[in-house]
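Please find below my notes on this model, set out as numbered points. They deal in turn with charged pairs, aromatic rings, a bent helix and a surface patch.

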Amino acid sequence: MTAHADPASPATRRWSTLETAAGGLALDLALYATATVFAAVTAATSTLPPHRAWGAVATIGYALATLAATIQLLARRRDPGTRLAGLPARWTVTGLTWATTALLPVVTQSVQRAAGRTDRAQEEVLVVEHAGTRLAEHGTPYLGPDAIAALPPGEQLLGYTPYQPGMALFGLPRALGDAWWTDARVWFAVATALALAALVAALRPPATGSGSSPRAAALLRAVQAATVLPVCALTLATGGDDLPVLALCLLALGFAAAGRPGRAGLAVGAAGALKLFALPVAIVLICWAATRRAGARTALGALGLPVLALLPVLLVDSDALVENVLRFPLGHGLVTSPAQSPFPGHLIAETLPAGRVVAAALLVAVGLAIAVRLLRRPPRTAATTAAVCGYGLLAAILLMPSTRFGYLLYPIALLVLAPALALAETSTRDTGRTAFPATARRDPAGRRTPEA
């Protein structure tokens, strides 16, 4: 769990060797080439129409990115100092790739859907938009159990909103009409872009300094993991609700590395007001902040914002809130979630006697192990915090009886962000600045000195 936090660890050295090969272009090329194959296979074989539509567009975008990375690699071999292969050029290719493999499919499918195509959005888009309409009309995004039971059997699943109340905000534009720009995915993309831009601003190295290039390169790789990685681009283009949650969690960790625990709490709290998936990240961040005597400040936003979002809908219809947010995700709703992937937890639940009990016991055991680890050795750096969150969520996703393949975007992005956080924190220590004045020591004369 701490490998990414220590720049001298073997795991970090191996990742650094892979990351820096050919100035980072070797990994760029491998990413784009693999993504091209993934998108092409998706376009040809997926049984989901929105996925096939994404693959048809994204294949071209990834192929162009592969060509661009190849040209950059060849240019670097001829002239190692060429700007064509430099970091700004790699950022440009990444931005254009995200535009062609995620943003363009979002707009394309939204326009086609507004023109009458009913197979250009996954069910979660409809769920969020219906929740937004109900929020505007009734003050709650949730239907009660009686209202869901009154729906035709084929529509009861869509009657559930298994998200936190904040997610309904992305569905509010749809209440204004069926234009392409009211599609919830458009606003998922806007929120994701804003959060990632704030992350880059928080972790961006100074314009000068010998340590800026590795830090900036690590930051670029983290942004790639949250944008052009196929699982992220596909999710944003076809469903999208997980991307703002992920981006806000990454932003929270970026604020932590920058020494802003209050802002970190607000960012992860905003994510928690959208989806409970952010709650583990919030808990680990609070443990990190407690080692800096900023636990209360971080918890105020991390836990306060989700609670604040729940209060209005709790007052409007508490039973509807419980039915959607608790009973349905736990498998006690009128219908069960169809989410499933061939991960160990699902296979155990389906094949072993009392499989669901066994899978649940394994999941609880992992949770207890992480809790003990947090109590005995709470993370003291943002990089370690990201690693704990990444590995913890990975274990949970693999062991949950009902889960989705797309959820892997969370641990992947968190773990890839960890090196950038470690370099940012190292840079802060090297410049002699303390990120937490409240925890600084005092010398015998009463002057504040940075904490070791």
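**Notes on the predicted model**

1. K275 forms a salt bridge with D241, and the closest N and O atoms of this pair are 2.9 Å apart. Since K275 sits in the loop between α12 (261-272) and α13 (279-290), while D241 sits in the loop between α10 (230-238) and α11 (242-257), the contact ties together parts that are 34 residues apart in sequence. Both K275 and D241 are buried. As the model is a predicted one, these distances should be read as properties of the prediction.

2. The side chain of K275 also meets that of D242 in a salt bridge, at 2.6 Å from N to O. This second pair again links distant parts of the chain, with K275 in the loop between α12 and α13 and D242 in helix α11, 33 residues apart. Is K275 buried or exposed? With a relative accessibility of 8%, K275 counts as buried, because the cut-off for that class is under 20%. D242, at a relative accessible area of 7%, is buried as well.

3. A salt bridge within a single helix is found between R327 and E323, whose side chains meet at 2.8 Å, N to O. Both residues lie in helix α15 (residues 318-327), four residues apart, or about one turn of the helix. In an α-helix there are 3.6 residues a turn, so residues three or four places apart point the same way. The two partners fall into separate burial classes, for R327 is partly exposed at 30% relative accessibility, whereas E323 is buried at 4%.

4. Salt bridges with shared partners join R113, E129, R174, D178, D183 and R185 into one network. How many salt bridges does a search of the whole structure find? The search finds 13 of them.

5. Turning to the rings, the count of aromatic pairs comes to six. One of them is formed by F38 and W54, which are edge-to-face, with 6.2 Å centre to centre and 65° between the planes. This pair links distant parts of the chain, F38 being in helix α2 (residues 25-45) and W54 in helix α3 (residues 49-78), 16 residues apart. W54 also pairs edge-to-face with Y62, at 6.3 Å centre to centre and 75° between the planes, and ring pairs thereby link F38, W54 and Y62 into a cluster. Within the cluster, W54 and Y62 are both buried, W54 having 0% relative accessibility, while F38 is partly exposed at 33%.

6. Helix α14 (residues 295-316) deserves a separate comment. At 1.5 Å a residue, its 22 residues should span 32 Å, and the end C-alpha atoms are indeed 32 Å apart, which agrees. Even so, α14 has a kink of about 35° at G304, shortly before the proline P306. That proline is among the buried residues of α14, which are G295, T298, G301, A302, P306 and V313.

7. Finally, a nonpolar patch on the surface is formed by V107, V111, L176, W180, W181, W187, V190 and L194, which together have about 760 Å² of accessible area. The elements giving two or more residues to the patch are α4 (87-114) and α8 (184-203), and the largest share, three residues, comes from α8. W181 is found in the loop between α7 (156-159) and α8, and with a relative accessible area of 39% W181 is partly exposed.

Terms used
Residues are numbered from 1 along each chain as its sequence is written. This is a predicted model: local features need pLDDT of at least 70, side-chain atom pairs count only at pLDDT 80 or more; totals for chains, interfaces and linings use all residues. Side-chain values use heavy atoms; hydrogens and water are left out. Patches are made of residues with over 30% relative accessible area and no salt bridge: like charges are joined within 9 Å, nonpolar side chains (Val, Leu, Ile, Met, Phe, Trp, Tyr) within 5 Å. Accessible areas come from the Shrake-Rupley method with a 1.4 Å probe; for residues, only the protein chains shown count as cover. A salt bridge is a side-chain nitrogen of Lys or Arg within 4 Å of a carboxyl oxygen of Asp or Glu. Buried means under 20% relative accessible area, exposed over 50%, partly exposed in between (1.4 Å probe, protein chains only). Rings of Phe, Tyr and Trp (its six-membered ring) pair if their centres lie within 6.5 Å; planes under 30 degrees apart count as stacked, over 60 as edge-to-face and the rest as tilted. The expected span of a helix is 1.5 Å times one less than its number of residues. The bend at a residue is the angle between axes fitted to the seven residues ending there and the seven starting there.
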